Amino acid sequence: MPASTMLQSLPQALPDAAAPDAVALAATTAQAAPPADPGLDILHLVLHASLPVQLVMALLLLASLASWVIILRKKRVLDRAEREADRFEETFWSGVELPKLYAAATERHRDIEGLEAIFEAGMREFNRIRQRRGVDARMQLEGAQRAMRAATSRELDGLERNLEFLANVGSISPYVGLFGTVWGIMISFQGLASMKEATIATVAPGISEALVATAMGLFAAIPAVWAYNRFATRAERMAVRYETFSEEFSSILQRQTHGDD
């Protein structure tokens with residue numbers, strides 16, 4: 001076989017133009033690939049929601065902030081009431097004389113609360129009625145008991161103040177958020193009337209914006225419900241504690257009136 005024929009039968013190298021074509025094909029493929037999912041942008045959904053839905057979200061945000069302010073304050077109030085009750089009960093049952101304890105409770109420039117306020121009210125009324133002439137022991141005891149009941153009511157009113165707001169936020173917020181969601185979905189479906197072809201891509205953004213209102217309603221309601229149940233239970237325990245102390249102190253006053261007789 002001639003040498004020229006053998007050279008023609010050998011495989012020929014690819015042209016250099018194939019390399020640029022491959023680079024262009026890779027670039028085209030990379031451009032056609034879908035973009036990466038940026039994730040859920042809550043701020044973007046809130047800012048692009050309709051005006052009624054934004055008003056609902058603003059209302060729920062204010063309710064949530066007010067609830068957290070009340071939660072933090074109420075926790076501080078109940079903690080202080082429990083500490084004061086523990087301190088006064090320890091002093092009261094340590095054997096100190098009642099006149100000395102009453103004098104300490106009536107000192108000037110000193111605010112008293114809780115059990116000490118109940119004790120001071122009962123002891124003050126007991127001493128006031130006792131100074132009258134012709135007043136029997138039963139009237140003295142009943143007067144002290146009325147004063148302690150009134151003081152107990154004032155103390156419990158301070159402990160239970162603003163709990164109603166937490167209950168309202170916990171029960172109403174989900175419905176307010178649901179109203180915003182329903183309104184947003186209505187706006188989204190109304191916008192589909194002008195479109196010839198409706199797809200998930202056209203409906204999903206509006207529905208996502210509307211569902212944020214329901215999420216914010218739950219965000220406001222869940223802490224409020226938990227705090228209301230927690231604080232209401234603690235306030236009820238303090239009420240039982242106040243009533244128990246009033247009964248025990250009434251027994252001590254009754255023994256004193258019988259001793260005087």
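**Close-up 1. Asp 157 and Arg 161 meet in a salt bridge.** The N to O distance is 3.2 Å. This model is predicted, and so are the other views below. Asp 157 is partly exposed, with a relative accessible area of 46%. Arg 161 also counts as partly exposed, at 46% relative accessibility.

**Close-up 2. Glu 82 forms a salt bridge with Arg 234.** Their closest N and O atoms are 3.2 Å apart. Glu 82 sits in helix 4 (residues 51–92) and Arg 234 in helix 9 (residues 200–260), so the pair ties together parts that are 152 residues apart in sequence. Is Arg 234 buried or exposed? Arg 234 is buried, with a relative accessible area of 8%. Glu 82 is partly exposed, at 26%. The pair also belongs to a network of salt bridges that links Lys 75, Asp 79, Glu 82 and Arg 234. The count for the model comes to 12 salt bridges.

**Close-up 3. Arg 124 and Glu 120 form a salt bridge within helix 6.** The N to O distance here is 2.6 Å. Helix 6 covers residues 115–130. The two residues are four apart in this helix, so about one helical turn separates them. An α-helix has 3.6 residues a turn, so residues three or four places apart point the same way. Arg 124 counts as partly exposed, at 39% relative accessibility. Glu 120 counts as buried, at 13%.

**Close-up 4. Helix 5 has a buried side and exposed residues opposite.** This helix runs over residues 98–105. Which of its residues are buried? They are Leu 98, Leu 101, Tyr 102 and Ala 105. These four cover an arc of only 100° around the axis, which puts them on the same side of helix 5. On the other side, Pro 99 and Lys 100 are exposed.

**Close-up 5. The largest nonpolar core has 37 residues.** Those with the most contacts inside this core are Phe 92, Phe 119, Leu 166, Tyr 242, Phe 245 and Phe 249. Helices 4, 5, 6, 7 (137–160), 8 and 9 each supply at least two residues of the core. Which helix gives the most? Helix 9 does, with 10 residues. In soluble globular proteins, nonpolar side chains tend to be buried together. Now look at Phe 249. Leaving aside residues up to four places away in sequence, Phe 249 touches Phe 92, Leu 98, Phe 119, Gly 122, Met 123 and Met 148.

**Close-up 6. Val 169 of helix 8 touches Ala 221.** Val 169 counts as buried, at 6% relative accessibility. The C-alpha atoms of Val 169 and Ala 221 are separated by 5.9 Å. Along the chain, these two residues are 52 residues apart. What else does Val 169 touch? Its contacts, not counting residues up to four places away in sequence, also include Ala 63, Ser 67, Pro 174, Ala 220 and Ala 224.

**Close-up 7. Seven residues form a nonpolar patch on the surface: Tyr 175, Leu 178, Phe 179, Val 182, Trp 183, Met 186 and Ile 187.** Together they have about 720 Å² of accessible area. Take Phe 179 as one of them. Phe 179 lies in helix 8 (residues 163–191). Phe 179 is partly exposed, with a relative accessible area of 47%.

Terms used. Residues are numbered from 1 along each chain as its sequence is written. This is a predicted model: local features need pLDDT of at least 70, side-chain atom pairs count only at pLDDT 80 or more; totals for chains, interfaces and linings use all residues. Side-chain values use heavy atoms; hydrogens and water are left out. Patches are made of residues with over 30% relative accessible area and no salt bridge: like charges are joined within 9 Å, nonpolar side chains (Val, Leu, Ile, Met, Phe, Trp, Tyr) within 5 Å. Accessible areas come from the Shrake-Rupley method with a 1.4 Å probe; for residues, only the protein chains shown count as cover. A salt bridge is a side-chain nitrogen of Lys or Arg within 4 Å of a carboxyl oxygen of Asp or Glu. Buried means under 20% relative accessible area, exposed over 50%, partly exposed in between (1.4 Å probe, protein chains only). The arc is that of the directions from the helix axis to the C-beta atoms. A nonpolar core is a set of buried Ala, Val, Leu, Ile, Met, Phe, Trp, Tyr and Cys residues joined through side-chain atoms within 4.5 Å. Contact means heavy atoms within 4.5 Å.
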